[in-house]
Amino acid sequence: MTLYYTDPYWMLYAVFERMSFMLKRSIMQFDKYVGRELVKHNLFWQIYRLITFAVGATYAGITSTTRHYSKDRDFVVVPKGVVLENTWTNYATSASGTVAVAPTDVKNSYLLLVVTMRASISLSSASFGGSSMTLLTGGSGPSASGYMYGLLSPSTTPGNVTFTLSSSCSWRAVVYQLSGVNQTTPTLDVQGAYAATGSSWSQTVTTTDYGFSVDMCVADSDGNVSNGQTVVSVNSIPMSGYLTLPSVPTQTHGWENLGGHILWGVVSFNPA
């Protein structure tokens with residue numbers, strides 16, 4: 001993820017960075033004729049050090065609170081927390097599934113696969129680019145099944161996320177690409193459950209500043225989110241939701257107006 005050149009904070013940073021570069025160049029020219037030791041005690045050298053320190057600290061502070069980015073060396077801007085980079089979806093009726101994805105080259109990347117089905121179906125495996133994905137949460141009931149699988153540091157070569165089902169059925173899938181995910185402990189909290197009857201569910205998960213949480217929900221009849229999640233629909237049917245930048249130690253996901261059997265899951269991600 002990169003700040004675009006039209007971003008006002010990037011433009012401010014670029015101006016000050018250019019100023020410090022020109023000052024450094026002038027100092028180097030002075031150094032050429034006067035001597036390195038003398039220059040280090042020169043007023044211009046002290047001014048240069050002060051400007052570069054202020055630029056780095058001020059820009060990091062501005063982006064930390066308003067743009068969710070931090071400065072990492074010259075002109076390298078990386079996510080400070082977990083950021084949603086891409087989503088891809090697909091649906092079909094079959095005993096195996098694929099979702100075509102093209103992950104972008106971002107820091108601390110992570111792929112999350114969410115699959116839901118209105119049938120009693122098990123999902124035995126999922127993979128991308130020759131790497132097996134890890135089951136985070138999921139299961140099946142008499143008429144509702146859902147699974148969430150994850151993969152650290154996916155390949156950036158375009159390809160298919162694939163998964164295998166116990167039998168042919170109608171399925172819907174979404175793949176999220178996240179950046180800024182902790183590569184040692186990617187998840188903070190994972191929850192999931194099946195309910196034979198009901199019309200809603202609500203679950204609080206552990207989160208952290210600059211984190212990210214994603215849910216899945218499948219039921220006999222469609223519902224809608226109840227706690228402000230951004231909804232992902234596949235073939236016009238809502239199946240997943242996410243919350244960005246939770247700034248409290250816990251975050252609640254929920255759905256309502258559901259019907260019949262319900263299966264749900266929530267995953268909270270840990271920033272790098």
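Biologist: Let's start with strand 15: which of its residues stands opposite V232?
Modeller: Keep in mind that this is a predicted model, where local features need pLDDT of at least 70, side-chain atom pairs count only at pLDDT 80 or more, and totals for chains, interfaces and linings use all residues. Residues are numbered from 1 along each chain as its sequence is written, and side-chain values use heavy atoms, leaving out hydrogens and water. Strands here are DSSP runs (E, at least two residues), numbered from the N terminus. In strand 15, the residue opposite V232 is S240.

Biologist: And over how many bridges do strand 14 and strand 15 pair?
Modeller: Two strands count as a pair if DSSP finds at least two bridges between them. Strand 14 (residues 230-234) and strand 15 (residues 237-244) form a hairpin with two residues between them, and N235 in the turn has a positive phi of about 55°. Their pairing is antiparallel, and the number of bridges is five.

Biologist: Which strands stand at the edges of the open sheet?
Modeller: The sheet has five strands in the order 10-17-12-15-14, with antiparallel pairing. Two of them have a single partner strand each, so one side of each is left without a neighbour in the sheet. Those are strand 10 (187-195) and strand 14.

Biologist: Staying in that sheet, which residue of strand 17 does V214 stand opposite?
Modeller: Strand 12 and strand 17 (residues 259-269) pair in the antiparallel sense over nine bridges. Opposite V214, in strand 17, you'll find V267.

Biologist: Which residue forms a salt bridge with R118?
Modeller: A salt bridge means a side-chain nitrogen of Lys or Arg within 4 Å of a carboxyl oxygen of Asp or Glu, and a search of the whole structure finds one. Its closest N and O atoms are 2.2 Å apart. R118 lies in the loop between strand 4 (110-117) and strand 5 (123-128), and its partner in the loop between strand 12 (212-221) and strand 13 (224-225), so the pair ties together parts that are 104 residues apart in sequence. That partner is D222.

Biologist: Which strand gives the largest share of the largest nonpolar core?
Modeller: A nonpolar core is a set of buried (under 20% relative accessible area) Ala, Val, Leu, Ile, Met, Phe, Trp, Tyr and Cys residues joined through side-chain atoms within 4.5 Å. The largest has 23 residues, and those with the most contacts inside it are L113 and F163. Among the elements giving two or more residues are strand 3 (83-101) and strand 8 (145-152). The largest share, seven residues, comes from strand 9.

Conventions:
Helix = DSSP H or I, 4+ residues; strand = E, 2+ residues; numbered from the N terminus. Buried < 20%, exposed > 50% of the residue type's maximum accessible area, 1.4 Å probe, protein only.
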